[in-house]
Amino acid sequence: MSSFFNQTRAATALIRRLNRSLIARPRCFTTAEGHRPTLVHKRSLDILHDPWFNKGTAFSMTERDRLDLRGLLPPNIMSTEQQIERFMVDLKRLEVQARDGPSDPNALAKWRILNRLHDRNETMYYKVLIANIEEYAPIVYTPTVGLVCQNYSGLFRRPRGMYFSAEDRGEMMSMVYNWPSDQVDMIVVTDGSRILGLGDLGVQGIGIAIGKLDLYVAAAGINPQRVLPVMIDVGTNNEKLLKDPLYLGLQQHRLDGDEYIAVIDEFMEAVFTRWPHVIVQFEDFQSKWAFKLLQRYRNTYRMFNDDVQGTAGVAIAGLLGAVRAQGRPMIDFPKQKIVVAGAGSAGIGVLNAARKTMARMLGNNETAFDSAKSQFWVVDANGLITEERENIDPEALPFARKIKEAGRQGLREGASLVEVVQQVKPDVLLGLSAVGGLFSKEVLEALKASTSTRPAIFAMSNPTKNAECMPEEAFSVVGDNIIFASGSPFRDVDLGNGHVGHCNQGNNMYLFPGIGLGTLLSGSRIISDGMLQAAAERLAAYMSEEEVLKGIIYPPISKIRDITREVAAAVVKEAVEEDLAEGYRDIDAREVKIICQSQEKLFEYVQNSMWNPEYPTLVYKKD
């Protein structure tokens with residue numbers, strides 16, 4: 001009995017300690033812990049040239065004296081609000097002036113100006129980005145980041161991130177120690193082989209890793225001093241780059257086979273040796289390698305592939321939202337007929353996730369999993385995929401239609417997209433093909449015969465030019481009552497008479513920041529399917545009933561930090577339920593479990609762990 005009371009007292013004391021640490025003294029997991037002074041080992045111009053510590057005109061007079069800055073800055077001390085106002089005025093004025101001639105779009109000019117700010121003052125950069133996330137997310141991420149990657153060799157000014165190349169084989173274990181930060185929480189890595197829908201951009205693909213990590217900071221509050229963009233340069237098969245004398249990467253054809261795998265293996269071993277708790281997100285690897293690398297590493301390392309798993313999660317959230325928009329419960333999802341255009345890594349990722357979601361709703365057994373695949377018709381560049389297809393991709397094989405079944409539906413191997421839509425009369429037409437305009441007028445006309453009261457069109461390919469159709473076309477041809485979603489942002493469509501056709505952006509940024517943050521805070525050993533499913537379901541449930549009935553299935557980007565907080569909380573909770581959580585920093589697995597017993601405490605834990613861009617007080621200390 002005394003043992004029981006001792007355990008009870010210990011648990012009560014633990015809860016009191018958690019309450020004090022999480023509420024009375026909110027944790028702020030940053031390098032500069034909250035408002036405590038930050039020790040720096042540099043002064044004078046060295047501080048002004050360091051974007052991590054530079055405050056520009058916001059340095060107080062005390063700091064100017066302490067850091068030998070008096071006389072090196074204009075005398076007027078400005079608040080961060082004044083700094084942002086001055087920057088925004090300059091931004092609007094310089095947008096046109098920063099263009100390289102009339103062919104250079106304003107979006108790229110904005111990226112240049114924001115990048116200059118990033119190079120000189122990181123805190124202010126993220127403050128501007130968070131305050132204007134709806135306007136600037138499309139600049140630092142899709143669609144503008146695609147243009148940045150295409151032109152990166154010409155835009156390169158200041159190195160950001162790390163580059164591991166085929167020439168570095170055998171040296172990567174020592175190379176990782178060249179990075180100055182002893183703690184890295186998040187790495188985004190690419191090999192540049194399939195940047196968005198733009199193909200092989202080689203070393204220039206580093207731009208996508210930088211853009212993704214900007215969103216990890218802005219949306220999830222990952223400390224910018226603990227993120228690392230990485231390019232693995234194994235060559236390029238882009239002949240234009242191979243012949244370009246200004247190209248910054250290896251001018252040789254890509255490694256393949258075992259040689260390629262050996263480079264990625266060495267990189268993974270090196271980064272997890274130095275930073276055992278880091279999370280690695282794989283980004284824009286060509287389909288040929290995306291699935292193989294995911295299966296190779298996912299049960300050993302804390303990693304995920306955003307193109308396969310993140311895209312799938314956002315699509316699942318949208319598909320569940322489309323069911324709600326029909327006035328039906330999400331549990332009716334397994335009844336949806338879905339035609340998928342595209343069988344690359346993103347398309348197959350969505351198919352696998354949707355099938356698992358349906359199976360879970362049907363009883364989560366082998367029979368349910370087998371029957372769920374019958375709800376999908378997959379069309380690639382060669383038409384409808386059936387079991388007659390020669391050299392079929394093993395990943396697509398589970399979704400190949402049986403010949404007799406296809407025949408009964410009036411279909412055959414290689415049937416065109418328009419034929420499939422005409423015969424199936426789907427509830428959902430989902431595009432992940434990277435083929436702009438694939439949903440032609442003929443295809444959209446065929447969708448008008450859908451058996452759904454409210455058919456859904458998902459034109460998810462990025463960047464904008466690769467979208468399968470424009471929203472105006474979709475609403476004009478199919479009708480005002482459709483659900484429309486896309487991968488890139490589009491303006492809502494004026495349908496006349498005061499009616500609006502809502503253009504939902506199914507942006508991966510709704511999920512990947514929360515998946516990363518939730519995994520970090522739970523300390524989960526791996527990123528499980530259950531954690532990804534929990535993230536998708538939380539996003540699907542975020543919208544109110546009133547909103548989804550209006551055709552709004554994704555929330556506004558302006559709410560991204562709140563969305564990320566809720567998604568991260570769902571991921572932490574699922575990690576605990578699956579007994580994967582091992583704790584984060586000085587909060588152990590047992591404490592995380594106790595936190596998850598209260599939704600309020602869990603939200604506070606996540607919220608208080610998110611970095612905010614505030615200038616710390618700087619104190620000089622000699623090395």
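Okay, let's start with a word I'll lean on: buried means under 20% relative accessible area, with exposed over 50% and partly exposed in between, using a 1.4 Å probe and protein chains only. By that cut-off C503, at 13% relative accessibility, counts as buried.

Quick housekeeping. This is a predicted model, where local features need pLDDT of at least 70, side-chain atom pairs count only at pLDDT 80 or more, and totals for chains, interfaces and linings use all residues. Residues are numbered from 1 along each chain as its sequence is written, and side-chain values use heavy atoms, leaving out hydrogens and water.

Back to the cysteines. How many disulfides does the structure hold? Zero, taking a disulfide as a pair of cysteine sulfur atoms within 2.5 Å. For C503, the closest cysteine sulfur is in C469, and at 9.7 Å that's too far for a bond. C596 is buried too, with a relative accessible area of 9%.

Now helices. Helices are DSSP runs of H or I with at least four residues, strands are runs of E with at least two, and both are numbered from the N terminus. Two packed helices are described by the angle between their axes and the distance between the axes. The axes here are lines fitted to C-alpha atoms, for helices over the stretch in contact, and angles run from 0 to 180 degrees between N-to-C directions.

First up, α6 (residues 122–131) and α7 (residues 133–140): they pack at about 115 degrees, axes 6 Å apart. Contact, meaning heavy atoms within 4.5 Å, involves Y125, V128, L129, I130 and A131 of α6, and I133, Y136, A137 and V140 of α7.

Then there's α23 (residues 529–542) with α25 (residues 560–577), whose axes come within 8 Å and cross at roughly 145 degrees. Among the residues touching are M531, A534 and L539 from α23, and I563, V567 and A570 from α25.

Next, α13, residues 257–274. How does the span of its 18 residues compare with expectation? The expected span is 1.5 Å times one less than the number of residues. That gives 26 Å, and the end C-alpha atoms are 27 Å apart, which agrees. Buried residues in α13 include Y260, I264, F267, M268 and V271.

Last stop, V188, which sits in strand β3 (residues 186–190). V188 is buried, at 0% relative accessible area. Setting aside neighbours within four places in sequence, its contacts include A209, L213, Y216, L228 and E283. N115 is 73 residues from V188 in sequence and 18 Å away in space, C-alpha to C-alpha.
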